[in-house]
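Got the model open in your viewer? Let's walk through it one selection at a time.

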Amino acid sequence: MKLELRGITKRFGAMVANDKVSLTVQPGEIHCLLGENGAGKSTLMNVLYGLYQADEGEILLDDEVQKFAGPGEAMAAGIGMVHQHFMLIPVFTVAENVILGHEPTKFGGVLDLKQARDKVRELSNRFGFDIDPDAIVGELPVGVQQRVEIIKALISDAKVLVFDEPTAVLTPQETDELMAIMKQLRQAGHAIVFITHKLREVKEVADRITVLRLGKVVGEAKPTDTAEQLASMMVGRAVDLDVNKGAPKLGKKAFVVEGLNAWNEAGTQVLFDVSLDVHEGEILVIAGVQGNGQTELTEVILGAHARTTGKVSLDDQDLLGKSIKQILDLGLGFVPEDRTQDGLVGEFTIAENLILDRSDRKPFAKGPSIQPKVVREFAQEKLKQYDIRAQSIDSTAKQLSGGNQQKVVLARELSRDLRLLVASQPTRGLDVGSIEFVHDQIIAARDSGIPVVIVATELDEATQLGDRIAVMYRGKIVGIVPADTPRTVLGQMMAGVA
Amino acid sequence: MKNNRIVREILNTSASTTVFAVLASFIVGGVLIAVANQDVQTAVGYFFNRPGDTFAALWNAVSGAYAAMFRGAIYNYNAHDFANGISPITDTLAFATPITLAGLGLAVAFRSGLFNIGANGQIIFGAMLSGWVAIYVQAPVYVLFPLAVLAGLVGGAIWGGLVGLLKATTGANEVIVTIMFNYIAVYLLGYLLKTPVLKAPQSINPVSLPVQNDAKFPLLFGSDYRLHAGFFVMLAAVAFVWWLLNRSTIGYQFRALGHNPDASKVAGINIGMTYILVMAISGALSGLAGASQILGTERVLTTGVAASYGIDAITVALLGRSKPLGVLAAGILFGALRAGAVTMQANQNVPSEIVLVVQSLIVLFIAAPPLVRAMFRLPKVVKA
Amino acid sequence: MRQSRKASITMLALAVFSFVLWAMAPATATTIKVATDSDIIKLPDFNVSPMLVSAISAIVMLGVALFVGWLAVKKNRKAPRWAIVLFGLAFVVQALVLLFSGKTMTISDLLRGSLVLAVPLIFGSMAGVLSERVGVVNIAIEGQLLAGAFTSALIASITHSLWLGLVGALIAGAAVSWILAVFSIKYVVDQIIVGVVLNVLVIGLTSFFFSTVMQANQSVFNSPPRFDSIAIPLLSQIPVLGPMLFTQTAIVYLMYVALAAVYFFMFKTRWGLRVRAVGEYPLAADTVGIKVYRTRYISVVIGGALAGLGGAAFTLGSVGAFGDKMTNGAGYIALAALIFGRWNPILAALAGLLFGFAQNLQYVLTAVGSPVPSELLLMLPYALTVVAVAGLVGKVTGPASAGKPYIKS
């Protein structure tokens, strides 16, 4: 089935998310939609999928104009979507998830789960997925969940398949397998839209490439174009994909983790015998696919994890057993992985967010009272220093763009006397300009002689930022290697193969 | 710039919504009064013969009721002299005192993200402890009186703090726990009023001895008026809560917790301790309401000591948008409704429960501005 | 693991309490009367020693507590359900035998009254299941019950028809929950706030009209007929349980049907799957074409209608006439039963039965002249709920999106 989008425009208030976007995808073709975060890719696909209504333009399937009032109609017309954030219900079984919305029934609306199971098995076998239809989805690994999502799209006989940033959560190996699945689907005659901002993947599978920037199509590119060419089209200016940093000037070994084990609330062990050390003036990257214990490791360092054994020390002071407050006081700067959830109070102003960790300390507090004047002056200063783009220090955090939110977090964390900086996925979801800014700040912190720990899920960021890379897999450190280790080797380590 | 901000705030809170919501609720209340009125029912029976009678009866029922409410709540224009005429407004303030105190308590919790609907139980605990001290402790007035007030504060703080403790240590949902604690408090008071702990020795009813004279809140205008010095405690509490929420470091942490507990935790705020502190302060304010009841107006402990103030407090905190001055205004409004309802019931035979209807409607209407706008065909508020 | 440790600590504490009770147990025997007049086979009355029963119970409880603790620490496993049931049973038996020491405990009295008192709770908890499973927190069960009680009494009085009274209850409960739905879905008001305020509104309305209309003309507006008990042949003659379950009013039989239907629809049908999907993850449901708002409205309103029937159980099913604020917190106990039963209609019904039992026990004890103060027994469901929410049940997780509005962009 051929898909065509003609002059799609979608506005949210004054913001134009899609501006006369046109796009054609032929059957048996993988068409890449390339663009930065916020370029309007997901909006466009939500219009296609009936979740949003376009203000202008039309959608055509095999040259017939379609009107989708909701996703149900888009699905019925043959459009399937593999969502970036899986649209799966964690407490349901695979079979229940897959049939949701078009359930096979026996008499009077009684579910026919047997038929559902058979269908799951059949599709699962056809693509070599090996999925148990009775497994509870929430208990499956992320890679398998994605396959459930793919089956869900295929089971309703979709001819047009949309993959929205599908590799964000996958290991390099799983990514390769997904690429193979996409090629297999192309072979079977599906029209595939592949949304991504990862140039490597684009170059591997794309037949055609359309680049979006600020809601507009800026042009088509060829898979044979270089990564730099694709990147500058995406960003709109020449881009230097490398991070500029000099050789590290190593000081003493300041941060040490030895034989660390940790258990979560449910009693499952999440960290196994983790050992690592970081010198002053060094960046150690913890690389790995999300969900392999990195989050828990940073939580242990922060003091947010209750059940641990082993040793974590900073400047020869033991951190385990100390409260978060005490550890922050020892000089930990912490940039959490999810800034809107753990880093900022969305309803608070920038000024209020900047003192979140020091609201009861001098000079911001005098006795039991807050000193509004001091707080405001501090905020004005940081606003300038970190180039935070906001109407004023009284803007709330949730009004800010992702990049500016991250700047607020960095401004707060770096303004204390740091002895250790821990940052989890500090550039996740940011535009290229903000990524450069964040990287520069982290390197500046390193060069000022602070030991730095970065959690990275993307290999590019790991190799660019790190002086050394520690790879985690299933709660263990698989190995600690130099930053110039080949990607294939790192990829195998991340998958637990090596 | 600062002036601009104030103007914007007034525009955004849209005082008109509040005014119209109150108006709409009174209109609905008027309809109910008319429907339930015997004369109206009779007149409707022969509506087609003499429609004028129906309208006259309608007017008499509704205007009579609301006029009685005004006489009971604001100024009694039928009184012989001015001193008696202003008695109602002092009644209103006397009613407003416990309502506002408990409302402030809930406001503190709401702003901290804790849905404390346990004001009823906390008032009872405050009244119980305060009452026990005021009845049985023998001490000079300058010890006894502060001790009795403090006991109320502590009683509420314990009953509220316990909820915070449960939430901090076990993660128990505070909505469920406070609801259950309300009932537990009611039955506990009922039980203690049957035992020598609280029951008056000679009484066969579950009633305590009266509190000692030295422990009472002094009456402000003599024995003809109900308004007592607890009113000033309430005003002080308004100021305290304003400072707490807007200027204090722990208030800052309360609000941070209320908006985003995860980020608060990562920033080093001790979540568990803060839950306990929030609930203790919240409970303490309700406990003060209990003290004001027993030491100011009731004078003896009965199972009805909390009246309906636990529910009033919820609606007052919501109506006042959990801001101290808003709660004060809402508290006085509801105090007026309570005071007026007494006269309305006595003079016009309109049951005081009409107040509950008006009260809940006000909150519902305010919670849904589009509904109020639709009812009065108001234009949509343009946000700056 | 921390949860199960907490459970075992709670159990240990209760077991110790049980030993204390054993130490204080009186020597006078408790007479247990099992038989009823209608039984086919008559079982004889028998006497038990409170000391002996206490000893057995205390030892069983200690054993279970230690076993659960051992599971938690060594095997890292949660307490199995049978252990919790056995533990609770031992405790209840001990408490009963002690409370009735020197008196006669008539089992059928205890059970039959329990079910009658549990009926509104069970209807109410079904309303909670239907509402919360679809993602709308229902604090307004109390209001739905009260509206049902008032309307059914009023309509049945005017029309002299029990069945029209039931229809009135159905509509009244549905109306209250419809307001809950409109405010929480359309106006996106906090669901707990709407629930609490709705309860106040219904109390206000019913009290107002009770005082003005019903009391002024009791014979016309508040003298409804009552449902008679109907004994189902054979079934009602089963010893012990027969009279309790099968010599009841039509409302109780209606409850059995409703309970089975709610369970079946929720877990076996397409409709139920969609309801649960909307309550767990509305966006995911939306992306497969399920109409989130419509599903929420329908489920919430049907739930309210059932709670309305529960309200009719107060009037047409037992007392007849409506009394001011007669539900007296039953809605909140139904809410507790819902949580106790982990949002499962059958388990919630069992929890409702337990709470009904506690209430009934208080009446029966007063009747036999037991010195235990009624307030402490009345307190029991509430205290148990606090213990459950905090300790034994630990972190109960309801439907993931309950309480959160779904806002379509």
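**Stop 1: where chain C meets chain B**

Select chains B and C together: 37 residues of chain C are in contact with 40 residues of chain B. Keep in mind that this is a predicted model. On the chain C side, colour α7 (191-214), α14 (330-340) and α16 (374-392), each of which supplies at least two residues to the side that touches chain B. Which of the helices gives the largest share of that side? It's α7(C), with 15 residues. Now colour the side of chain C that touches chain B by residue class, and you should get 27 nonpolar, seven polar and three charged residues.

**Stop 2: chain B by itself**

Hide everything but chain B. With the cartoon on, you'll be looking at 17 helices and zero strands. Turn the view along the principal axes, and the C-alpha atoms of chain B fill a box of roughly 70 × 65 × 35 Å. How does the radius of gyration of chain B sit against that of a compact globule? For 384 residues such a globule would come out near 21 Å, and chain B has 23 Å, so the two agree.

Next, colour chain B by burial: buried residues make up 57% of its 384 residues. If you draw the contacts of chain B with a separation of 6 or more, 74% of them are between residues 24 or more positions apart.

Now zoom in on helix α14 of chain B, residues 309-319. Is this helix mostly covered or mostly exposed? Mostly covered: eleven of its eleven residues are buried. Show the side chains and you'll find Asp312(B) and Thr315(B) among those buried residues, along with Tyr309(B), Ile311(B) and Leu319(B). Step just past the end of α14(B) to Arg321(B), which takes a positive phi of about 50 degrees.

**Stop 3: chain C by itself**

Swap to chain C, where the cartoon shows 16 helices and five strands. The C-alpha trace of chain C spans about 65 × 60 × 40 Å along its principal axes. Its radius of gyration is 23 Å, in agreement with the value near 22 Å for a compact globule of 409 residues. Buried residues account for 56% of the 409 residues in chain C. As for contacts in chain C with a separation of 6 or more, 78% come from residues 24 or more positions apart.

Give the domains their own colours: domain 1 of chain C is 2-102, and domain 2 of chain C is 126-345. Their C-alpha centres lie 34 Å apart.

**Stop 4: a helix with a kink**

Stay in chain C and select α13, residues 292-319. Does its end-to-end distance match or miss what its length calls for? At 1.5 Å a residue, the 28 residues should span 40 Å, and the end C-alpha atoms are 40 Å apart, so it matches. Still, look along the axis: α13(C) has a kink of about 40 degrees, centred on Ala312(C). This helix is mostly covered, with 21 of its 28 residues buried. Just after α13(C) comes Gly320(C), with a positive phi of about 100 degrees.

**Stop 5: a loop residue in chain C**

Pick Ile232(C), in the loop between β4 (230-231) and α9 (241-246) of chain C. Why does Ile232(C) count as partly exposed? Because it has 13 C-beta neighbours inside 10 Å, while a buried residue needs 20 or more and an exposed one has 12 or fewer. Draw a distance from Ile232(C) to Leu245(C): the pair are 13 residues apart in sequence and 9.3 Å apart in space, C-alpha to C-alpha.

**Stop 6: over to chain A**

Bring chain A back next to chain C, and look for 19 residues of chain C in contact with 22 residues of chain A. In chain C, α11 (270-280) and α12 (282-287) each supply at least two residues of the side that touches chain A. The largest share of that side, five residues, comes from α11(C). By class, the side of chain C that touches chain A has nine nonpolar, five polar and five charged residues.

Finish inside chain A, which is divided into domain 1 (3-235) and domain 2 (253-494). The centres of the two domains, taken over C-alpha atoms, are separated by 33 Å. Ten residues from domain 1 of chain A and ten residues from domain 2 of chain A take part in the contact. On the domain 1 side, select the residues that touch domain 2 of chain A: five are nonpolar, four polar and one charged.

Technical notes. Residues numbered from 1 in each chain as written. Chains lettered and ligands numbered in written order. Predicted model: local features only at pLDDT ≥ 70, side-chain atom pairs only at ≥ 80, totals over all residues. Contact = placed C-beta atoms within 7 Å. Helix = DSSP H or I, 4+ residues; strand = E, 2+ residues; numbered from the N terminus. Nonpolar A, V, L, I, M, F, W, Y, C, P; charged D, E, K, R; others polar. Domains from an automatic or database assignment. Expected span 1.5 Å × (residues − 1). Bend = angle between axes of the 7 residues up to and from the residue. Rg over C-alpha atoms; globule rule 2.2 N^0.38 Å.
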